[in-house]
Amino acid sequence: MSLIYSLKKNKQGVTHVIGDYLGEMRPFAKRVKNPLLVAPMVLLKTIEWSIYRWYKTPIRRFYGVKGNELIYMITNACNDRCPKCGIWERPEPRDQHLMITHFIKCLNRLHHNLYQVTLTGGEPLLFKKDVMLIAEEAKKLDVPMVIVSNARFLDEEFLTRYKELGHILVISVDSVEREKWNEFRGKKNFDIVMPKIMLAKQILGDQLRIQSVLSKESAEEIPKVIEWCKQQGIQHNTQFNQDFGGHWNNHETTEKVNYDNDTPCAARKNICVYPNGDVVKCFDHRRIPLAKQPLGNIGKQDIIEILSTKRSTEISKIMKTCNLPCKNMSCNKPQTLLFN
């Protein structure tokens, strides 16, 4: 089934409608094992398909209402040089960076479906003005927003307005010891960033979160971070290390985790956007052959058109039973259980 329908009849030609119908019915008919039930089941499915296609109100079948997370990797660039992450080594060229108006349009198109919009990177606050535009728009649309930042560019003016908007700020912290902090960051900025974290705590209160990456290298430091967060009254979450091209690619810690085979990977409902506007279901999409190429680009296509393709549907079906290590990332945890 096409995931999101733009239901105004005059927007789509007959060829598109026929292709969409056949693209839904053929795989559905193949899943009906009893030959005697194929015809009646296809008839019922056709009725259902017709209702959702021609009904006058926008209907979101697969994506539902407030059931999805829009994740925008606003930039690959970063002012830290963390060895756990290789993203900063591949900053996007300026002429390939998405204009913020395209993302704002995407957010407006999808806001009825979103429980959250998340901005990550690289370092999102390298584009602080764009981040604030998104934060303001998310507030207007009643969509909660989360920024994952290294805190280097935080200031009182930004934090005060962000507090008023009611959004969440997540700061990455893998150690609270100066020497290890500077080693993990790849820069000696402990004495610069820690006061900014304390300023964020003072202004944001319970809108501030701390997140750590658990790996062989950081395993002894994370308990200290957790204890520090308890002392400061800041909610904390531990993220398992994933291979994003950095030097912390030892997965000894991650491999000990037992994956829940009965729980579908939540990433199948994610909507992820790269700095250049490319859309994927998951930032680990290249692990799945059918998902290696992006679904489309919001700088060139409407997001609803992108998510309505047959390939988007098929990728979601594959991810429903996916049990790759990335299944343990935060995007696959219920928000109510994510921080404690």
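Select Gly166, just after helix α5: in this predicted model, Gly166 takes a positive phi of about 80 degrees.

Step back into α5 itself, residues 156-165, and colour by accessibility. Phe158, Leu159, Tyr162 and Leu165 are buried. These four lie on the same side of α5, because they cover an arc of only 120 degrees around the axis. The spacing has a general basis: an α-helix has 3.6 residues a turn, so residues three or four places apart point the same way. Turn to the other side of α5, where Glu156, Glu157 and Glu164 are exposed.

Now show what surrounds the buried residues of α5. They pack against two helices, α4 (128-140) and α7 (190-204), and against two strands, β3 (145-149) and β4 (168-172).

At the start of α5, select Asp155 and Glu157. A side-chain oxygen of Asp155 comes to within 3.2 Å of the backbone nitrogen of Glu157.

Next, display the strands. Nine of them form an open sheet with mixed pairing, in the order β6-β5-β4-β3-β2-β1-β7-β8-β9. Go to the edges, β6 (235-240) and β9 (296-297): each has a single partner strand, so one side of each is left without a neighbour in the sheet. At the β9 edge, select β8 (residues 278-280) as well; β8 and β9 pair in the antiparallel sense over two bridges. Asp278 has Asn297 in β9 as its bridge partner.

Finish with two helices that lie across the sheet's strands. Helix α3 (residues 100-110) lies across β1 (68-73), β2 (114-120) and β7 (271-273), and runs at about 175 degrees to β1. α4 lies across β1, β2 and β3, at about 160 degrees to β3.

Note on methods: Residues are numbered from 1 along each chain as its sequence is written. This is a predicted model: local features need pLDDT of at least 70, side-chain atom pairs count only at pLDDT 80 or more; totals for chains, interfaces and linings use all residues. Side-chain values use heavy atoms; hydrogens and water are left out. Buried means under 20% relative accessible area, exposed over 50%, partly exposed in between (1.4 Å probe, protein chains only). The arc is that of the directions from the helix axis to the C-beta atoms. Contact means heavy atoms within 4.5 Å. A polar contact is a pair of N or O atoms within 3.5 Å; within protein, one must be able to donate a hydrogen and the other to accept it, and residues adjacent in sequence count only if both atoms are side-chain atoms. Two strands pair if DSSP finds at least two bridges between them. Axes are lines fitted to C-alpha atoms, for helices over the stretch in contact, and angles run from 0 to 180 degrees between N-to-C directions.
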